[in-house]
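These are my notebook entries on a structure that I looked up for the first time. I record what I checked, entry by entry.

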Amino acid sequence: MHANPSPGAAAANSRHATKELLKRLRRRLQSQDDPPGVLVRAEARIEAMDPLNWLQAQLGQTHYYWSSREGSFEMAGIGEADVLVPEGAIDLPGLFAEMRRRLSLEWPSLRYYGGFRFRETDEIHRRWRNFAAYRFIAPRIEIVRQGEKTWLACNAVAGSPEANRMAYEAIEADVQGLVFPEAPLPCPLPPIVGRADLPDRVAWDALVEQALEAFDRGDLQKVVLARETEFQFDCESPLDPVGMLRRLLRHTKRSYEFCFHPTPTRAFLGASPERLYHRRNVYLESEALAGTRPRGRTDALDKALGRELLGDEKELREHQFVVQNLRDHFNRFCVSMKHDPAPSLRRLRKVQHLYTYMEGILREHDSDAALIAALHPTPAVGGSPREQALSWIAENEPFDRGVYAAPVGWVGFDDAEFCVGIRSGLIEGSTLALYSGAGIVPGSSAAGEWDEIENKMASFLEALYDHPG
């Protein structure tokens, strides 16, 4: 659910809000109360507005967006107050410790947003070159909607008096240049002039056959194969990622929605239905989401497809790999845990999945680095046994997954949430590469898994071919 503001309310309120915001930020930076290196924040309440529509209006900026799956929280941000990328060997405990050092309980909605690559050791393809092994940012200016309340906020890194003065002046210039649209902006797309699938249908059939042979030899129990589908558009300027996301959201529901746009020509965006984990202090939630059928065109057909999915031995076996993996990790990290006794259906707009919910109480709240290392990649995006499946993917899949199917989300002072970056795409100039995958197990057919990927891509495909203006 997204905000539906009254016409003109946002623009009428913006002048007072921006003045108040800058006044609070200047006062805080001049106080020199904050240790060097920590994030300083100022917030001002504003009238309800659509954060994503506002974000699209901010031209000449880097753009960042996150929305919770239930729609109760949205963040639309521009610029970068702080960026964390690896400078050498990956140190996950050090990364999360550094984010916590720079954050503060004083501002519950102040977060770092970002994610990881699917595999740290992969050679980075040129199209992913702006996405390192991990990249987390604190936006410079944000609009945050939480429930019925909306804030305008800005962030800066505390430093010396001179550094604080320069940070304030940079934010002041950006704030004064903000645009507050009074009506929904159009999000047209240029004509699509080409499509290419990697692997193509012939290569896909051969790849699935290789996987089935690996099962027969006992090398693997499950492997998840993905496809990169690239669309070329007839345009000279880079595609608009925020407009693209707005189009996508017309065709999705019950999904985490995100956009990471670090350079004018590249952006990673998507609408993922799958949570990796959500941690609030020591309370941990996760889920298994594996096994797929399309939605039916009638209520009777939809229910029949759901019953078929719940009784499909192959799909249940695939789902059980994920459930068992989660159960093992929860038993390792938690003092207590529980999960659904049997899978249920999670119905999305175009597909329905087998779903098992799991929750537990962690032994230690400082567990994010260990959770990321343990939970990613799940058997739903990698396979089983994990290391053998990942090696098989690295040797046989003909493209770099980049951030696709990797942990994407946010980190707060004492909480964090990551989804699995599926149902996603990468904009590179005038091209959009879509990514989706299918779990291959004994009994899988190449044709059936190809069709499953098409079903999973359906919302994105509809977004490309509709004509909302």
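Entry 1, partners of strand β20. I looked up Pro 407 and found that its bridge partner in β20 is Val 420. The model I am reading is predicted. Pro 407 belongs to strand β19, which spans residues 407-411 and pairs with β20 in the antiparallel sense over 5 bridges. I then followed the chain from β19 to β20 and noted that a hairpin of 3 residues joins them.

I next turned to strand β13, residues 275-280. This strand runs antiparallel to β20, and 5 bridges join the two. For Tyr 277, I recorded Phe 418 as the bridge partner in β20.

Entry 2, burial of β20. How many residues of β20 are buried? I counted 6 of 6 over residues 415-420, so I describe the strand as mostly covered, with buried taken as under 20% relative accessible area. I then sorted the residues by side. In a regular strand, side chains alternate between the two faces of the sheet. On one side of β20 I listed Asp 415, Glu 417 and Cys 419, and on the other Ala 416, Phe 418 and Val 420. Both faces are covered, since these residues are all buried. Phe 418, the partner of Tyr 277, and Val 420, the partner of Pro 407, are thus listed on one side together.

Entry 3, helices α3 and α9. I looked up how helix α3 (residues 92-102) packs with helix α9 (residues 368-375), and noted an angle of about 140 degrees with the axes 8 Å apart. That angle makes α3 oblique to α9, because it lies neither over 145 degrees nor within 65 to 115. The crossing of α3 past α9 is right-handed. From α3, I listed Leu 92, Pro 93, Phe 96 and Arg 100 in the contact, and from α9, Asp 368, Ala 369, Ile 372 and Ala 373. By class, I entered 6 nonpolar and 2 charged residues, with no polar ones.

Entry 4, helices α6 and α12. At what angle do the axes of α6 and α12 cross? I noted roughly 115 degrees for helix α6 (residues 241-249) and helix α12 (residues 458-465), whose axes come within 8 Å. Here α6 passes α12 in a right-handed crossing. On the α6 side I recorded Met 244, Arg 247 and Leu 248, which meet Ser 459, Phe 460, Ala 463 and Leu 464 of α12. This contact divides into 5 nonpolar, 1 polar and 1 charged residues.

Terms used. Residues are numbered from 1 along each chain as its sequence is written. This is a predicted model: local features need pLDDT of at least 70, side-chain atom pairs count only at pLDDT 80 or more; totals for chains, interfaces and linings use all residues. Side-chain values use heavy atoms; hydrogens and water are left out. Axes are lines fitted to C-alpha atoms, for helices over the stretch in contact, and angles run from 0 to 180 degrees between N-to-C directions. Angles under 35 degrees count as roughly parallel, over 145 as roughly antiparallel, 65 to 115 as roughly perpendicular and the rest as oblique. A crossing is left-handed if the near helix is turned anticlockwise from the far one by less than a right angle, and right-handed if clockwise. Contact means heavy atoms within 4.5 Å. Ala, Val, Leu, Ile, Met, Phe, Trp, Tyr, Cys and Pro count as nonpolar, Asp, Glu, Lys and Arg as charged, and the others, Gly among them, as polar. Buried means under 20% relative accessible area, exposed over 50%, partly exposed in between (1.4 Å probe, protein chains only). Two strands pair if DSSP finds at least two bridges between them.
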